[in-house]
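Subject: Structure for your review

Dear colleague,

Please find below the structure that I am handing over to you. I would be grateful if you could read the notes beneath it alongside the coordinates.

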Amino acid sequence: MLMVVVGLATILLVVWLLLLSMVSNDDWIAAARNKVLDNRQQIDRLRMKDAVNAESLRQYHGIAAKVMSLFLGGTSEKEIAKIEKQNDELQKGRLRSVSIFPMPGYVLQRRIANISNGSLYRSVMEKSIELYGKKYAADKTKQLVAQILSYPIIGLFFTLALGAILVGTGNQLPGLGVMLGGSLLVTVLVYALYDELSDTLNKRRAAISRQFPNVVSKLALLVTSGMIMDRAWRETAESQEAELFIEMRKTSDELANLVEPSVAYMNFIDRCNTKETTKLASAIIQSLSKGNAEIGTLLKGMAHEAWQERRHTAKRDSEAANSKLMIPTMLLFLAILVIIMVPVVINFSNLM
């Protein structure tokens, strides 16, 4: 059995190293491009956090403001500068920050055409279009699929090799535990890479739905006051730092770069992919051909519906939270009951 495990671990290592030796310049460029995209997303998250902290600090003055600034941790400018420097190095061809572990996965995608036609690749692509837009979806899909293909090979090698070492030194049960448990852990972690994409997407959709009533209400107010749609859209987009507002800014930038309005709003629909944003962008696209006479009334109606739906959603969430709290509440009640009754029973037994 030990020889079989050692042989399998050796095969996995040889396969992984062979694939690593076949990495081309195009693969390194794709990996570096994805690293740059990841860094840009990290910068956006840090700037969003700084904007939220700055908004919170505006509520305080004097000593309270200084205390809260210490509690919030200051700005992320140093970290952002470090990430931007790393991006500059990547764009100059210095690939020290690119991990080699997913690189065999890029080779497999390039050499096996069926991978890009499979259900996994298509599913990741659909989710990536919504999360990153059509411009970056292909790159991000390649990155995730490369990780899903490469990590099991190297992960199972380390698991089997460590287990074989333990078995060879006489620790048979720990060795078997490492091999079985490690293999299961590798499988779970690789699946978690895909599941995290779905989880991120669901959280993003929920956040966009929560932010939609504020967006459509402000749009309705600006448009009915006489502002043209493009300007109202930009004014609304720049008013907050949140998922929906960021997507609106991307659309506004596309319009400023002379992208066809219908194309820009369709891209917005693809990126957000909620029924509310689809209805909003579709109404704006229709108004481009029919004129802006009715768009203000439509936006007012959408705002009313959005707030009504927001109230219903809040009510449903509250009911769900109450049902989830039922079991902890009962357990707490039983614990208190035990704490009260045990001394009583002990005292009663002593009196008897």
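The notes that follow concern a pocket and the nonpolar cores. Please bear in mind that the model is predicted.

The largest pocket holds about 1,600 Å³ of space. Its lining is made up of 43 residues, and those nearest the centre of the pocket are Q41, D44, L131, Y132 and K250. Two or more lining residues come from each of α2 (25-57), α6 (119-132), α7 (134-168), α8 (172-224), α10 (243-256) and α11 (261-272). The element that gives the most is α2, with 10 residues. Sorted by class, the lining has 20 charged, 13 nonpolar and 10 polar residues.

Turning to the interior, the largest nonpolar core has 35 residues, and Y106, V124 and L160 touch the most other members. The elements giving two or more residues to this core are α1 (2-21), α2, α5 (103-111), α6, α7 and α8. Of these, α7 provides the largest share, nine residues. Which residues are in contact with V124, once its neighbours within four places in sequence are left aside? They are T141, L144, V145, Y194 and L197.

There is also a second, separate core of 32 residues, among them I208, V215, A237 and C272. As general background, nonpolar side chains tend to be buried together in soluble globular proteins.

Yours sincerely

Note on methods. Residues numbered from 1 in each chain as written. Predicted model: local features only at pLDDT ≥ 70, side-chain atom pairs only at ≥ 80, totals over all residues. Heavy atoms only, no water. 1 Å grid on protein atoms, 1.4 Å probe; cavity = no way out; pocket = protein on both sides within 12 Å on 5 of 7 lines; lining within 4 Å. Points joined across faces, edges and corners; volume = space filled by probe spheres on them. Helix = DSSP H or I, 4+ residues; strand = E, 2+ residues; numbered from the N terminus. Nonpolar A, V, L, I, M, F, W, Y, C, P; charged D, E, K, R; others polar. Core = buried A, V, L, I, M, F, W, Y, C linked by side-chain atoms within 4.5 Å. Buried < 20%, exposed > 50% of the residue type's maximum accessible area, 1.4 Å probe, protein only. Contact = heavy atoms within 4.5 Å.
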